[in-house]
Amino acid sequence: MAGWNTIRMAALAAAITLTAGDAHAEGFFRKLFSGGFDIQPVEAVPGAAVPAKYKRQRVRYVSEEAPGTIVIDSDAKFLYLVEDGNRAMRYGVGVGREGFGWQGKVKVGRKAEWPTWTPPPEMRQREKQKGRILPASMKGGPQNPLGARAMYLYDGGRDTMFRIHGTSEPWTIGHNVSSGCIRMVNNDVSDLYERTPVGTKVIVR
């Protein structure tokens with residue numbers, strides 16, 4: 001049986017042949033097959049785990065905000081990525097539970113793939129009082145509470161400590177569950193991550 005390297009090189013050659021003349025596509029496949037991407041599993045969402053209305057879909061959405069703006073409707077548990085033509089990509093989210101909700105206008109200050117989770121001291125103290133000991137930090141991975149991707153929300157140059165991030169608990173989408181962060185299933189947050197550059201305006205309502 002052919003070894004993995006032989007199979008990988010054959011697949012690379014086939015991909016480059018199919019995308020000949022498209023420099024972007026050729027570069028993508030070269031990076032993919034050379035191991036240039038950090039490939040960790042981003043699980044598919046179990047069909048029964050997320051109600052249909054919270055699954056990613058393009059919808060009609062009338063807004064005065066510029067295309068590319070993220071608008072989060074905390075009450076309805078939807079995140080909208082505004083597009084041209086009164087359309088938006090809509091994602092289901094989990095939002096802050098009672099006492100942790102917030103509103104405002106911020107920007108994506110930075111982004112990270114499979115981010116390290118560093119719970120703030122007040123969270124660690126709060127959870128300790130409940131008998132749960134949180135680590136000072138946790139390296140990124142499928143079991144990390146921040147999930148596959150994180151977009152860090154800044155107010156001016158200040159990190160608000162709120163994030164749009166992934167989760168491996170899809171059953172929490174559509175609920176008030178977090179300490180103020182906006183959570184999405186991993187494949188949705190990965191999709192949004194690719195569409196969202198640093199500097200993107202985020203409105204939480």
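How many of the residues of β7 are buried? I started my notes there, and the count came out at six of seven, so I have β7 down as mostly covered.

**Entry 1: what I am looking at.** This is a predicted model, and I read everything below in that light. I counted four helices and eleven strands in the protein chain. I then looked up burial for the whole chain: 40% of its 205 residues count as buried. The chain exposes about 11,400 Å², and carbon and sulfur atoms supply 53% of that area. For contacts with a separation of 6 or more, I noted that 62% are between residues 24 or more positions apart.

**Entry 2: the sheet.** I traced an open sheet of nine strands with mixed pairing, in the order β1-β4-β3-β2-β11-β6-β7-β8-β10. Its edges are β1 (57-60) and β10 (182-185); each has a single partner strand, so one side of each is left without a neighbour in the sheet. From one strand to the next, the twist averages 30°. I also checked what packs on the sheet and found helix α4, residues 186-195. The strands α4 touches are β1, β2 (70-73), β3 (78-83), β4 (87-92), β6 (104-113), β7, β8 and β10. Its direction makes about 110° with that of β10.

**Entry 3: back to β7.** I wanted the two neighbours of this strand. On one side, β6 pairs with β7 in the antiparallel sense over six bridges. Here I noted Arg-110 with Tyr-152 in β7 as its bridge partner. On the other side, β7 (residues 149-155) and β8 (residues 158-167) are antiparallel too, over five bridges. Asp-155 stands opposite Arg-158 in β8. These two strands form a hairpin with two residues between them, and Gly-156 in the turn has a positive phi of about 65°.

**Entry 4: salt bridges.** My search of the whole structure turned up nine. Which residues are linked with Arg-56 in a network? I found Asp-188, Asp-191 and Arg-195 there with Arg-56.

I took the Asp-188 pair next: Asp-188 forms a salt bridge with Arg-56, with the closest N and O atoms 2.6 Å apart. This pair links distant parts of the chain, since Asp-188 is in helix α4 and Arg-56 is in the loop between α2 (23-33) and β1, 132 residues apart. On accessibility, Asp-188 has 6%, so I list Asp-188 as buried. Arg-56 has 37%, so Arg-56 goes down as partly exposed.

Arg-56 also forms a salt bridge with Asp-191, where the closest N and O atoms are 3.9 Å apart. That pair again links distant parts of the chain, with Arg-56 in the loop between α2 and β1 and Asp-191 in helix α4, 135 residues apart. Asp-191 is buried, with a relative accessible area of 18%; I checked that against the cut-off of under 20%.

**Entry 5: one more pair.** I also looked up Glu-65 and Lys-201, whose side chains meet in a salt bridge at 3.1 Å, N to O. Glu-65 is in the loop between β1 and β2, while Lys-201 is in strand β11 (residues 201-204), 136 residues apart. Are these two buried or partly exposed? Glu-65 has 18% relative accessibility and counts as buried, whereas Lys-201 has 30% and counts as partly exposed.

Definitions and conventions: Residues are numbered from 1 along each chain as its sequence is written. This is a predicted model: local features need pLDDT of at least 70, side-chain atom pairs count only at pLDDT 80 or more; totals for chains, interfaces and linings use all residues. Side-chain values use heavy atoms; hydrogens and water are left out. Two strands pair if DSSP finds at least two bridges between them. Axes are lines fitted to C-alpha atoms, for helices over the stretch in contact, and angles run from 0 to 180 degrees between N-to-C directions. Contact means heavy atoms within 4.5 Å. Buried means under 20% relative accessible area, exposed over 50%, partly exposed in between (1.4 Å probe, protein chains only). Accessible areas come from the Shrake-Rupley method with a 1.4 Å probe; for residues, only the protein chains shown count as cover. A salt bridge is a side-chain nitrogen of Lys or Arg within 4 Å of a carboxyl oxygen of Asp or Glu.
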